[in-house]
Amino acid sequence: MHWRKIYLVIFIIALSSVFSTELYWRHLSYRPTVVDDKNLWSVHRQRISDKPQTLAVLGASRIQLGFSPEVFHSLYPDWTLANLTINANYPVAALADLADNTEFRGVVLMAIDARSLIHIFHSMQQPWVDYYHRDFGPGLWLHSQMATFKQSRLVTANAEFSLTRRFVAWLGDSGKPHVTYIVFDRSRFAKADYQQIKVDYHLRERFNAMRKSAAEFTVPTADEWLESNEKLLHWIGLIQQRGGKVILIRMPTNQESWEVDEEHLPRRDYWDRLTGQEGILSLHFKDWPELDSYPLPDGSHLDFRDKQAFTRDLLHKLKERGYMPDSTGQSGVRQQ
Amino acid sequence: MNFDSYTFLVFWLVVLVLYNRPLSWSAKKNILLGASYIFYAAWNPPFIILLWISTLVDWHVAKKMFTVLRQRQKKLWLGLSLLTNLGLLAYFKYSAFLLENLEQLLASAGFEHQFPDQNLILPIGISFYTFQTLSYTIDVYRGQIKPWPSFRDFALFVSFFPQLVAGPIVRARSLLPQMLKPPQHGWNAIALGTAMIILGLFQKNVLADGIFAPVADQYFGMASLDGIQAWTASIAFAGQIFCDFAGYSTIAIGVARSLGFRIAMNFNAPYTAIGFSDFWRRWHISLSKWLRDYLYISLGGNRRGKWLTLRNLMLTMLLGGLWHGAAWTFAAWGALHGVFLVIERVSINAIGRGRLQHRFFKPIYALITLVAVLLSWVLFRAESLQQALAMYRVMLNPGAWTESVTAGADQLALLSFALLLVAQTLFRNHRQEVWLLRLPWLLTALALGAMLAILLLSPAPSRAFIYFQF
């Protein structure tokens with residue numbers, strides 16, 4: 001059998017195909033991005049240990065796009081950062097998981113709003129938690145490291161560009177993939193470049209969807225809502241009894257989004273009643289003009305150009321309120 | 001450790017490098033044993049203890065059965081092996097199912113009782129290695145083989161990583177003799193093994209995950225379906241489960257081949273089967289043979305008259321169905337295949353095998369078999385018996401076939417399934433490694449090159465092999 005010749009031909013075909021396809025997509029302005037999946041979430045979850053200098057960031061897209069790990073590490077170089085945020089999924093299940101972990105006594109930065117604490121959303125992140133405990137192991141850890149390495153370098157490593165998916169799209173005449181304005185990296189935090197898209201169009205779409213959803217959705221009364229969040233307070237208590245901290249953060253939204261929220265889940269009836277309880281650490285963007293001053297191109301997310309300054313402001317406020325210790329890094333001075 | 005992961009790629013390359021160093025055969029087997037345990041522990045390290053328990057118990061049981069003289073003592077030792085292995089399997093795989101059904105039974109009798117949620121993790125591959133190690137003790141009990149003299153070889157037989165977690169289920173008499181002397185390995189074995197791995201990965205990642213799974217997932221996830229959509233779902237799942245499992249088996253055989261070991265093929269063009277017994281000679285061959293040798297024959301096989309033969313067929317298929325998973329859908333799937341086999345057996349008895357195999361009737365019978373198998377996959381994939389029944393209602397009622405296949409993904413899945421049937425017809429009864437070696441070298445190179453290129457350019461969201469859950 002002519003194995004040498006066979007493998008020579010195999011590698012020529014395979015490598016030239018990958019190389020030419022990669023060049024094609026890049027020529028069309030597509031860029032590599034890490035695929036944020038359950039394995040990568042589990043890699044971050046595995047960073048949770050008994051080390052008190054651990055910051056676990058919980059939440060959905062607002063903090064995923066608004067928090068800069070670079071700034072955090074420059075201010076707190078000795079700390080471990082575990083990014084447990086999940087786009088479009090609210091974080092109560094992840095908090096419960098950290099509360100169940102009797103070793104954990106670090107700091108939890110949990111970005112939420114009143115909507116995300118409605119009981120029907122409590123288990124949204126449970127599939128990730130279950131995956132970590134039931135399926136994730138050393139083998140998938142290594143796989144995730146290597147897959148992430150490849151995805152951050154090759155457009156063709158992203159399932160959106162797979163030949164089968166493109167072929168199906170071609171059969172259905174649905175065109176090329178959207179040029180993504182959000183790029184993930186290994187930190188699982190993302191950078192949104194709103195200059196790449198027609199923001200007005202997206203904004204309108206978002207608000208239409210938001211208003212429709214808010215109108216169709218039956219919001220629980222404040223008393224029902226508070227009652228359903230007793231478990232949340234219990235989990236916060238468990239972490240804080242061990243010496244950890246849980247800081248509830250309300251990330252900024254623009255005036256129009258704020259008005260929709262106030263119409264359905266007014267701050268004084270929901271947020272203030274929860275965070276007014278004893279032992280609850282919280283920070284609301286409306287209380288701090290600096291945090292409320294950032295432009296939010298789509299109404300609730302920061303452009304990547306602002307996330308470093310925002311993170312500095314946020315950490316500065318947390319430090320000021322005594323929620324975070326003094327930073328030991330060199331970039332601790334707030335930059336204007 | 002998944003075969004389609006980068007972790008496995010690194011692991012396999014390291015094993016190949018170590019294995020091909022100029023070491024003694026004993027040292028190489030030690031490397032394989034260590035590698036097998038690392039392979040298993042890479043998923044969830046504590047569960048390797050279960051593998052060790054099975055290994056130790058069956059090693060000692062086999063030795064004891066061989067030395068005791070009285071049949072009753074032999075039976076007791078065999079009982080210990082069955083109790084340990086099937087006990088672990090039952091506890092991890094079936095206890096939640098049994099308790100859930102017991103709760104429902106009690107509730108229907110007016111007793112409300114809720115058992116605590118056990119929330120057990122199913123140890124990966126437990127159904128496979130349990131059957132593999134049981135075959136050894138049963139063979140020793142029956143006097144078909146002697147206890148193997150080397151514990152290390154036996155431990156390697158139980159844990160041999162290429163087929164540890166999803167088969168093929170290899171028999172002791174097939175694998176253990178290969179450990180007596182170094183098999184032929186080196187570049188030719190690695191080249192052939194790698195070619196089979198490319199072929200298997202193409203089946204798994206491109207065909208199963210990239211083409212068939214999205215269509216099957218979409219339709220099986222819908223609340224109600226039109227007849228055409230239900231048939232499309234069934235065909236897509238037929239393609240998915242074949243390419244997923246046959247792909248895994250091909251990779252397993254290829255990895256073993258790269259180390260110089262030979263493992264028998266697990267699939268032989270099953271969708272071209274002519275009849276249901278033929279289907280089971282071609283689908284998951286190692287499990288079919290296991291069920292035949294250790295269950296069907298133990299129940300009496302066809303030696304105790306017509307009715308008991310039919311009962312044994314039904315029981316074997318029912319338990320075979322339950323082996324796949326603790327759910328009534330799997331039991332029903334097994335029972336349905338039992339019914340197919342019973343009808344076939346009764347027909348053969350009535351009209352004679354020759355007429356059924358007549359050349360004019362063969363294509364019709366092959367089509368009947370394929371359609372029946374497609375219908376049976378609905379039970380296998382459905383979330384509940386209710387969902388399966390709802391799908392059957394529209395599949396078997398041409399009046400409910402109103403939609404047409406317009407979605408690109410559906411068209412690609414149906415086209416791919418048709419091509420799969422053509423390929424199975426062309427390569428019927430040929431081992432993959434044989435036709436890989438017989439094709440002109442340039443054709444082999446072009447085909448494998450195209451497969452590798454498509455594979456590299458078709459990343460899909462990670463999906464575990466379907467049979468890992470069994």
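This passage walks through a predicted model of two chains, A and B, starting with chain B.

Chain B is an all-helix affair as far as regular elements go, with 19 helices and zero strands. Its radius of gyration is 23 Å, which agrees with the value near 23 Å that a compact globule of 470 residues would have. Laid out along its principal axes, the C-alpha trace of chain B spans about 70 × 65 × 50 Å. Buried residues account for 45% of the 470 residues in chain B. As for how the chain folds back on itself, take the contacts in chain B between residues at least 6 apart in sequence: 76% of them join residues at least 24 apart.

The domain assignment splits chain B into domain 1, covering 6-182, and domain 2, made of 189-274 and 357-469. Between the C-alpha centres of these two domains of chain B there is a distance of 28 Å. Where they touch, domain 1 of chain B puts in 14 residues and domain 2 of chain B puts in 17 residues. On the domain 1 side, H1(B) gives the most, with three residues. That side of domain 1 of chain B holds ten nonpolar and four polar residues, and no charged ones.

Next comes the nonpolar interior. The largest nonpolar core has 134 residues, and the members that touch the most others are Ile198(B), Phe202(B), Phe212(B), Ala216(B) and Ala413(B). Helix H9 of chain B, residues 227-258, supplies the largest share of this core, 18 residues. Ala413(B) gives a feel for how the pieces meet. Setting aside neighbours within four places in sequence, Ala413(B) is in contact with Ile211(B), Phe212(B), Val215(B), Ile235(B), Ala236(B) and Gly239(B). Another core, of 75 residues, lies apart from the largest one, and its members include Ala60(A), Tyr194(A), Ile247(A) and Ile249(A). As a general backdrop, nonpolar side chains in soluble globular proteins tend to be buried together.

The two chains also meet each other. Their contact draws 36 residues from chain B and 35 residues from chain A. On the chain B side, the elements that give two or more residues are helices H1 (6-19), H8 (187-220), H17 (408-426) and H19 (441-456) of chain B. H19(B) gives the most to this side, with eleven residues. By class, the side of chain B that touches chain A has 25 nonpolar residues, eleven polar residues and no charged ones.

Chain A, for its part, is divided into domain 1 (1-46 + 137-188) and domain 2 (48-135 + 198-336). The C-alpha centres of these two domains of chain A are 31 Å apart. Their contact takes eight residues from domain 1 of chain A and eleven residues from domain 2 of chain A. On the domain 1 side, the make-up is one nonpolar, three polar and four charged residues.

A couple of backbone details in chain A are worth a look. Ser29(A) is not a glycine, yet it has a positive phi, near 75 degrees. This residue sits in the loop between helix H1 (3-27) and helix H2 (38-45) of chain A. Ser29(A) counts as exposed because 8 other C-beta atoms lie within 10 Å, under a cut-off of 12 or fewer. Ala88(A) is a similar story: its phi is positive, about 65 degrees, although it is not a glycine. The loop that holds Ala88(A) runs between strand S2 (80-83) and helix H5 (92-100) of chain A. With 8 C-beta neighbours inside 10 Å, Ala88(A) is exposed too.

Two more spots in chain B round things off. Ile297(B) lies in the loop between helix H11 (285-296) and helix H12 (306-324) of chain B. Ile297(B) has 15 C-beta neighbours inside 10 Å, so it counts as partly exposed. Its C-alpha atom is separated by 19 Å from that of Lys74(B), a residue 223 places away along the chain. Arg72(B) belongs to helix H4 of chain B, residues 71-108. Arg72(B) counts as exposed, with 7 C-beta neighbours inside 10 Å. From Arg72(B) to Val61(B) is eleven residues in sequence and 14 Å in space, C-alpha to C-alpha.

Technical notes: Residues are numbered from 1 along each chain as its sequence is written. Chains are lettered from A and ligands numbered from 1 in the order in which they are written. This is a predicted model: local features need pLDDT of at least 70, side-chain atom pairs count only at pLDDT 80 or more; totals for chains, interfaces and linings use all residues. A nonpolar core is a set of buried Ala, Val, Leu, Ile, Met, Phe, Trp, Tyr and Cys residues joined through C-beta atoms within 7 Å. A residue is buried if 20 or more other C-beta atoms lie within 10 Å of its own, exposed if 12 or fewer, and partly exposed in between; C-beta atoms are placed from the backbone. Helices (H or I, at least four residues) and strands (E, at least two) are DSSP runs, numbered from the N terminus. Two residues are in contact if their C-beta atoms, placed from the backbone, lie within 7 Å. Ala, Val, Leu, Ile, Met, Phe, Trp, Tyr, Cys and Pro count as nonpolar, Asp, Glu, Lys and Arg as charged, and the others, Gly among them, as polar. Domain bounds come from an automatic or database domain assignment. The radius of gyration is taken over C-alpha atoms; the globule rule is 2.2 Å times the number of residues to the power 0.38.
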